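Subject: Structure handover

Dear colleague,

Please find below the structure I said I would pass on. My notes on it follow.

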Amino acid sequence: MLADDYGNLYIYKNKDFSFTKYDSLGKQIGKMMLTVPYKVQTVQNPLNVPLFSENAQEMKFIDQNMNEIQRLDFKQKFGFIRMAYAEDLQQLWLLDDSTKRLIQYNFRNDTTINSYPFDISFEDLMDMLVYENKVYILTRKHIRIYSLKFEKLFEAPLENGKRFRRENDMILVVAGNFISQYVPEKGMTTIFEDPEAQIVDKNILSYFAIKGNKLYLYSLEKAKKAQQQKQLEAQPESLQPSTEKPVEKTEENTAEKPSDNTLEKLIEDTSKVQTEAIEKLIN
């Protein structure tokens, strides 16, 4: 599942390679039946959605009505492309497995701008993003950041990562049931988490989570406060701010202590949207 910044939802199903778009009320806007697996890079700009297929060695762009507007065939020009990242409406970054190179390619005028040695393992590669001369690589168990000279700048374990999302200068990783942000000099910070979720996503207004065959919508502010509370409760007691002595604790204080189920309270406050449509899709 992906959500664009207008509240539209996109469902890609692996079992039949279908890609369907719904508006914020659950009405189907369009549907594509693909013949081979494709990876949807992003839907942040619904007017131009890039999809890459390693099997077909091609990238296609579709519009807001799910109509194909452009297709790029890599077979004749390159070796074997493992991952493609559309930086904008004219430039791609390609990871060529056969030559172990990172290629900067202008597809508008069909020219290769630059080519950099990039000898990494592509076996468990999940996603790639290039921003401000840094290459972000996501595998099944790690996130790694390289310079264009193939210098490793950062590495951290990250389980079940799915894809990157960039919001201006903010680099996010969408995983199975959480979303993390890369903070320079600090590393990875979890900004949203729902342990019960099957799928999570984010747009500029909300977090989304599918669980129990229902779609839940979370405001960014409430989710931020819940995450801060969870981090506070996870601290050792010695590190938590407190002026009370153990002998002075009463039942009343205990009752006023913040609940361990902060996330559950947050869930109760969220709005359920598109429940029937999502239940049908997941079932």
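Strands β10 and β11 pair in the antiparallel sense, with 6 bridges between them. This is a predicted model, and what follows was computed from it. Within the pairing, Leu92 has Tyr105 of β11 standing opposite. The two strands belong to an open sheet of 4 strands, ordered β9-β10-β11-β12 and paired antiparallel. At its edges are β9 (81–86) and β12, each of which pairs on one side only. From one strand to the next, the twist in this sheet averages 20 degrees. As a general point, the strands of a sheet pair through backbone hydrogen bonds, in either a parallel or an antiparallel sense.

One residue of β10 deserves a closer description. Gln91 lies in this strand, which covers residues 91–96. Is Gln91 buried or exposed? Gln91 counts as buried because its relative accessibility is 13%, and the cut-off for buried is under 20%. Its side chain makes a polar contact of 2.6 Å with the side chain of Glu87. Leaving aside residues up to four places away in sequence, Gln91 touches Tyr85, Ala86, Gln104, Tyr105, Asn106, Phe107 and Ile113. Tyr105, one of the residues that Gln91 touches, is also the residue opposite Leu92.

The loop that follows β11 holds a backbone feature to check. Asp110 is found between β11 (101–106) and β12 (111–117). Asp110 is not a glycine, yet has a positive phi of about 55 degrees. In general, most residues other than glycine have a negative phi. Asp110 has a relative accessible area of 43% and is therefore partly exposed, since that class lies between the 20% and 50% limits.

Where else does a residue that is not a glycine have a positive phi of about 55 degrees? Phe17 does, and it sits in the loop between β2 (9–13) and β3 (18–22). Phe17 has a relative accessibility of 24%, so this residue counts as partly exposed.

A further sheet is found later in the chain. It is an open sheet of 4 strands in the order β17-β18-β19-β20, with antiparallel pairing. Which strands form its edges? They are β17 (161–167) and β20 (187–193), each pairing on one side only. The twist here averages 30 degrees from one strand to the next. Strand β19, residues 178–183, runs antiparallel to β20 and is joined to it by 6 bridges. Among the residues involved, Val183 has Gly187 of β20 as its bridge partner.

Finally, some totals for the whole chain. The protein chain contains 4 helices and 24 strands. Of its 283 residues, 47% are buried, and Gln91 is one that counts as buried. Taking contacts between residues at least 6 apart in sequence, 37% join residues at least 24 apart. The chain exposes about 15400 Å², and carbon and sulfur atoms supply 47% of that area.

If you look at particular places, I suggest these: the Gln91 to Glu87 side-chain contact, the loop residues Phe17 and Asp110, and the pairing of β19 with β20.

Regards

Notes
Residues are numbered from 1 along each chain as its sequence is written. This is a predicted model: local features need pLDDT of at least 70, side-chain atom pairs count only at pLDDT 80 or more; totals for chains, interfaces and linings use all residues. Side-chain values use heavy atoms; hydrogens and water are left out. Buried means under 20% relative accessible area, exposed over 50%, partly exposed in between (1.4 Å probe, protein chains only). A polar contact is a pair of N or O atoms within 3.5 Å; within protein, one must be able to donate a hydrogen and the other to accept it, and residues adjacent in sequence count only if both atoms are side-chain atoms. Contact means heavy atoms within 4.5 Å. Two strands pair if DSSP finds at least two bridges between them. Axes are lines fitted to C-alpha atoms, for helices over the stretch in contact, and angles run from 0 to 180 degrees between N-to-C directions. Accessible areas come from the Shrake-Rupley method with a 1.4 Å probe; for residues, only the protein chains shown count as cover.
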